[in-house]
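Work through the exercises below with the sequence and the model open. Each task is followed by its solution in steps.

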Amino acid sequence: MNQGPASSHKESCPRAPNREKALEQALLNIFFTDTIGTCHVENAVEFLRQLPNHQIGPVLRLVKLIAGSVSDLLAFSFMENVEKALKFLNVDELEAWVAEGLSIYEARGLQPAREFFSSPEVTTRRFGSDNQAASIEEAASSLRMLACGLSGRNISFKVASVPSTDTETIFLPGTLCLFPDLEQNMLWYRVATAHKCAQIRYNTFVFPAIRLKSLFPELPWPRDLEKGHGIPLLIKLLKGKHPDTDLESLFCLIDTIRIERILCRKFKGIGRDIRGLKKLIASKALIPSPDNSVQEIARYILDDFSQPLKFLGQKAREIAENMGKRGKESPLETILLFRELLDSDVKDGIQSALKPLSYIGSVNIEALEKRLTARRTRLEKRFIEILGAILANGRVMDVKKEQDTDASSNKMETGAFCLDDVNKALAMIIQAGSKNSDDSLVQPFAHIQLDIKKELLDRLRQLGKEIIQDIGHVPSFYVSSAMDLATGIYDPKLSIEGTDGSQASSTFSFFTYPEWDFRRQDYRLKWCTIKEMTAKGASGSFVQDVIRRYRGQINNLRRQFEMIRQDHSVLKRQKEGQEIDIDSFVEAYADLHAHLSPSENLYRRLCLNRRDIAVLFLVDMSASTEGWISTAIKESLVLLSLSMEYVGDQYAIFGFSGMRRTGCQYFVIKEFGERLSEEVKERITGIAPRDYTRMGPAIRHSTEKLKKVEARVKILLTLSDGKPEDYDEYKGPYAIEDTRMALMEARQQGIKPFCITIDKEAREYLPRMYGRGNYVLVPEVRLLHKRVPEIYRVLTS
Amino acid sequence: VDLAQNLVRLGRMTRNLKDQGLQEGASTRLLIHAGKLIRSGIEPLLACDTAICQPLTDDEELLAGLKEMVRAVF
């Protein structure tokens with residue numbers, strides 16, 4: 001049975017208010033716990049509102065079943081997707097679908113079960129007969145290999161509504177039900193993938209900017225053409241002239257003539273697929289006869305390049321027909337036709353022309369440019385390395401020759417090649433092209449005597465070709481860098497960091513960590529994502545105020561901490577040492593006279609005692625610290641960091657907060673080795689309450705940080721105001737057990753965890769998490785600043 | 001000539017699969033075997049499956065990918 005939402009909407013609307021109230025009441029009855037707020041129930045009503053009356057009963061029964069037997073969260077994800085699922089299933093089939101979801105929960109846990117419910121297009125297929133949608137997940141596994149084979153690169157797939165590629169990722173829609181048959185929907189995926197791979201392999205987006213400049217001399221080209229990427233730059237510049245035209249899609253459409261031609265010629269199976277898909281498209285929708293040049297091109301593609309072209313001008317027609325006869329591997333013809341079409345007014349026809357040919361899609365210029373830049377940097381590096389290696393080997397060879405014959409050394413001057421020679425040789429290597437005989441490979445370098453492995457030369461030639469496709473020629477600094485590398489002057493790392501701006505600009509990075517699920521006694525792998533970022537500073541006189549207010553205490557702290565800082569300590573009552581220990585000598589003397597056996601430990605030994613301690617302060621920045629608790633924590637941090645400066649221990653300060661497992665945040669306030677600068681003080685001032693307290697990932701990340709520090713004693717000191725808790729299921733025993741596990745992992749790494757808390761109920765759970773004696777409860781917040789440095793002093797001395 | 005070109009193309013494609021878990025691509029020898037089978041009248045898809053895909057791997061997923069490639073070429 002296929003219950004469309006459109007028909008059900010009519011049924012439900014007239015009595016909407018009453019119905020909604022009844023629904024809400026029913027849901028409140030099911031979810032009457034304090035963990036689910038009324039706003040969630042309102043959301044749920046929103047999901048269920050659209051269902052027709054006769055389905056409400058069974059659906060509510062299933063909701064009750066899931067919520068009662070398994071989990072409220074799962075029930076909510078069921079409600080969220082039930083309307084979509086009912087498009088494919090009738091009520092009986094829905095029950096089987098839910099049963100499958102529950103057994104997934106039993107076997108694999110909450111998240112897989114939620115994923116099962118959240119993609120009904122795919123997961124309902126086994127249960128109902130109406131669902132013929134294909135999904136990218138199914139298609140990707142077999143298509144990925146086809147894509148890698150076709151494009152020669154490591155391709156990954158991502159979901160996007162419009163098909164496109166950035167030359168390393170292929171973007172395709174997540175699910176597809178264009179056609180009534182699963183096989184046909186898969187065919188669409190296959191053709192779209194092949195199309196995108198062909199764009200990558202046959203260089204749709206790679207063309208030297210210098211050559212484009214001569215084709216479009218009227219555009220405002222930037223001066224430094226070598227830095228730009230031809231096609232993206234061209235489209236960007238043209239956008240200025242044609243702001244309302246979808247140039248990206250137009251370009252992809254035109255280029256389809258070329259790449260499909262090549263695909264059909266070289267890959268018969270793919271050609272068959274493309275023709276099959278076009279036939280399907282033509283039979284599915286009535287496509288009107290074209291009334292402008294763009295629609296005509298779309299029609300030309302759809303009819304497999306057989307229709308005569310009427311709307312195009314003389315020149316454009318010749319180009320298009322040429323492309324349709326035999327596609328070339330360079331996109332030059334595409335660009336020429338693109339230019340011709342831009343001269344005629346095309347902007348309205350593009351979308352309607354592309355609609356039937358949905359697999360062609362478009363391109364995201366920004367993403368493309370980023371990838372192309374990364375690729376160019378890689379090519380540059382490898383080219384320089386290989387050429388450098390060849391030249392370096394050559395030198396060794398040449399020196400030998402020199403000793404042997406003393407003949408062919410006139411090209412060598414103090415061990416370096418002449419730049420012109422290398423350039424000439426390179427040009428010959430790269431142009432040697434398809435002739436694969438060994439002679440032609442080694443010959444170019446023959447007059448400067450190189451010992452070249454064929455493999456290296458092959459790779460050099462391949463790289464050189466790719467660079468010429470991209471930039472138009474091999475930039476001279478590549479060659480000179482390679483020569484420098486061969487003589488040891490050039491440091492490739494420096495140049496890469498200099499040219500790749502994207503690395504320098506990123507200010508935060510992501511890490512994933514597992515989480516312990518005590519119910520299953522196992523880890524959930526890669527469960528939490530933590531984002532590390534530098535905390536925002538805030539200007540203000542907070543730090544100065546604290547220093548002024550607690551001047552007396554700071555003086556005390558300085559004295560105390562400087563005392564424990566001493567590098568030397570005297571050990572009394574030792575068996576051997578530099579001087580006599582008067583106290584024990586007196587005792588021994590007295591013992592001797594009292595006829596007792598005297599102690600042998602009569603010496604004092606001066607001992608070099610380095611305080612080799614690294615401590616990481618982890619500050620809870622959850623919303624519950626709002627107000628004076630946060631201020632108290634900040635005050636103690638100021639005093640602590642001053643104390644640490646006195647004592648000279650390595651220390652770092654980090655804050656953590658976040659919401660949900662994918663949104664954990666980790667704020668860098670002070671790294672190990674960073675000075676207590678004004679900036680750090682500003683960051684301390686800027687500490688502000690944020691979201692929840694998901695402790696596990698923060699502790700795991702801190703452990704990773706401490707692992708990298710060298711110290712004899714490593715301490716992880718947590719400042720917190722309550723038990724771990726997050727917005728989702730991270731509460732109660734689950735949260736406590738996960739935190740406990742994270743702390744145990746830290747201990748295994750030789751780190752000593754310690755907790756200072758102000759939660760009065762902390763005695764209930766802290767012993768379990770930290771172990772007896774590894775926490776201190778400061779019941780009075782206003783004493784926190786006094787206690788924290790003191791605790792630290794006692795802890796480490 | 002056409003057949004040989006297709007086989008070479010297929011061989012090249014399989015050699016791109018190194019990052020996907022295939023130990024090595026189809027060797028010239030395997031390609032020649034496949035060519036001989038096809039010459040003697042066996043369906044290209046079946047011939048390539050027998051002479052190229054099966055000897056290269058027994059991993060289901062890789063096999064499906066290789067078959068997809070064979071389908072693309074022939």
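Two strands count as paired if DSSP finds at least two bridges between them. The model used here is predicted.

**Exercise 1.** Work out how β3(A) and strand β4 (residues 169-172) of chain A pair, and place them in their sheet.

Solution.
1. The two strands run in the antiparallel sense and are joined over two bridges. The cut-off is at least two bridges.
2. One residue pair to look for is A:Ser164 with its bridge partner A:Phe171 in β4(A).
3. Helix α10 (residues 182-201) of chain A packs on this sheet, where it touches β2, β3 and β4 of chain A. The direction of α10 makes about 145 degrees with that of β4(A).
4. The sheet is open and has three strands in the order β2-β4-β3 (chain A), with mixed pairing. Its edge strands, β2 (156-159) and β3 (164-165) of chain A, each pair on one side only.
5. A further helix, α9 (residues 136-151) of chain A, lies across β2 and β4 of chain A and runs at about 150 degrees to β2(A).

**Exercise 2.** Identify the pairing partners of strand β12 (residues 650-658) of chain A, and state how far the strand is covered.

Solution.
1. Strand β11 (residues 613-620) of chain A pairs with β12(A) in the parallel sense, over seven bridges. Within this pairing, A:Leu618 has A:Phe654 as its bridge partner.
2. Strand β13 (residues 664-670) of chain A pairs with β12(A) in the antiparallel sense, over six bridges. Here A:Phe656 stands opposite A:Tyr666.
3. β12(A) and β13(A) form a hairpin with five residues between them. In the turn, A:Arg660 has a positive phi of about 65 degrees.
4. As for cover, eight of the nine residues of β12(A) are buried.

**Exercise 3.** Decide whether B:Thr57 is buried or exposed, and list its contacts beyond the neighbours within four places in sequence.

Solution.
1. Locate B:Thr57 in the loop between α3 (44-56) and α4 (60-73) of chain B.
2. Its relative accessibility is 11%, so B:Thr57 counts as buried; the cut-off is under 20%.
3. Outside that sequence window, B:Thr57 is in contact with B:Leu22, B:Leu62, B:Leu63 and B:Leu66.

**Exercise 4.** Find the confidence values for chain B and for the complex.

Solution.
1. The mean pLDDT of chain B is 85, and 96% of the residues score at least 70.
2. Among the elements of chain B, the lowest mean pLDDT is that of α4(B), at 85. The highest, 90, belongs to helix α2 (residues 28-39) of chain B.
3. For the complex, the predictor gives an ipTM of 0.87 and a pTM of 0.53.

Key:
Residues are numbered from 1 along each chain as its sequence is written. Chains are lettered from A and ligands numbered from 1 in the order in which they are written. This is a predicted model: local features need pLDDT of at least 70, side-chain atom pairs count only at pLDDT 80 or more; totals for chains, interfaces and linings use all residues. Side-chain values use heavy atoms; hydrogens and water are left out. Buried means under 20% relative accessible area, exposed over 50%, partly exposed in between (1.4 Å probe, protein chains only). Helices (H or I, at least four residues) and strands (E, at least two) are DSSP runs, numbered from the N terminus. Contact means heavy atoms within 4.5 Å. Axes are lines fitted to C-alpha atoms, for helices over the stretch in contact, and angles run from 0 to 180 degrees between N-to-C directions. pLDDT is the predictor's confidence in each residue, from 0 to 100.
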